[in-house]
Amino acid sequence: CLGDWLDNDDVCRILRISKRTLQTLRDNGTLAYSQISHKTYYRQEDVDNVIKDVKNRKKAAAWRKPRKVSEAQANNEVF
């Protein structure tokens, strides 16, 4: 059913990315797609997986970032 598929405009809007970034996601294999008569379609499930992957990467990056330490904490003056 075509209702389960998204086109380029839909995916760009959902992911808040440009068409060029979408092309990069296709080129590097991050986002699966199908083409019918020179029109590109994406499954909602695959778009959702990209969203989850980005969220997980952001969480991992935040975990690796060193936290800012106040001067009191640096001097072991925390009460």
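How many aromatic pairs does the structure hold? The structure holds zero aromatic pairs, where a pair would need two rings of Phe, Tyr or Trp (its six-membered ring) with centres within 6.5 Å, counted as stacked if the planes are under 30 degrees apart, as edge-to-face if over 60 and as tilted for the rest.

The legends below describe a predicted model, in which local features need pLDDT of at least 70 and side-chain atom pairs count only at pLDDT 80 or more, whereas totals for chains, interfaces and linings use all residues. Residues are numbered from 1 along each chain as its sequence is written, and side-chain values use heavy atoms, with hydrogens and water left out.

**View 1. The whole protein, with its four helices and three strands.** Along the sequence these elements follow the pattern β-α-α-β-β-α-α, the helices (H or I, at least four residues) and strands (E, at least two) being DSSP runs numbered from the N terminus. Of the 79 residues of the protein, 19% count as buried, a class defined by a relative accessible area under 20%, with exposed meaning over 50% and partly exposed the range in between (1.4 Å probe, protein chains only). The protein exposes about 6800 Å², and carbon and sulfur atoms supply 50% of this area, as calculated by the Shrake-Rupley method with a 1.4 Å probe. Among contacts (heavy atoms within 4.5 Å) with a separation of 6 or more, 47% come from residues 24 or more positions apart.

**View 2. The open sheet of three strands, in the order β1-β3-β2.** The pairing in this sheet is antiparallel, and two strands are taken to pair if DSSP finds at least two bridges between them. The edge strands are β1 (5-7) and β2 (34-36), each of which pairs on one side only. From one strand to the next, the twist averages 40 degrees, with axes fitted as lines to C-alpha atoms (for helices over the stretch in contact) and angles running from 0 to 180 degrees between N-to-C directions. Three bridges join β1 to β3, and D7 has Y41 as its bridge partner in β3. Three bridges also join β2 to β3 (residues 39-43). Helix α3 (residues 44-64) lies across β1 and β3, and runs at about 70 degrees to β3.

**View 3. The hairpin of β2 and β3, with two residues between the strands.** Beside the loop, I36 has K39 as its bridge partner in β3. S37, which lies in the loop between β2 and β3, has a positive phi of about 50 degrees although it is not a glycine. With 69% relative accessibility, S37 counts as exposed. H38 is found in the loop between β2 and β3 as well, and H38 likewise has a positive phi, of about 65 degrees, although it is not a glycine. The relative accessibility of H38 is 83%, so H38 counts as exposed.

**View 4. The surroundings of S34 in strand β2.** Because its relative accessibility is 30%, S34 counts as partly exposed. Residues up to four places away in sequence are not counted here, and beyond them S34 touches W5, K39, T40 and Y41. S34 and D7 are 27 residues apart in sequence, yet their C-alpha atoms are 9.9 Å apart in space.

**View 5. The surroundings of I14 in helix α1 (residues 8-15).** I14 has a relative accessible area of 31% and is therefore partly exposed. When neighbours within four places in sequence are left aside, I14 is in contact with L6, Q44, V47 and I51. From C-alpha to C-alpha, I14 and D48 are 9.5 Å apart in space, with their positions 34 residues apart in sequence taken as the separation.

**View 6. Q23 in helix α2 (residues 19-27).** Q23 has 27% relative accessibility, so this residue counts as partly exposed. Q23 and N8 are 15 residues apart in sequence and 9.3 Å apart in space, from C-alpha to C-alpha.

**View 7. R26 over the face of Y33.** R26 lies at 5.7 Å from the ring centre of Y33. A charge is said to sit over a ring if NZ of Lys or CZ of Arg is within 6 Å of the ring centre and within 35 degrees of the ring normal.
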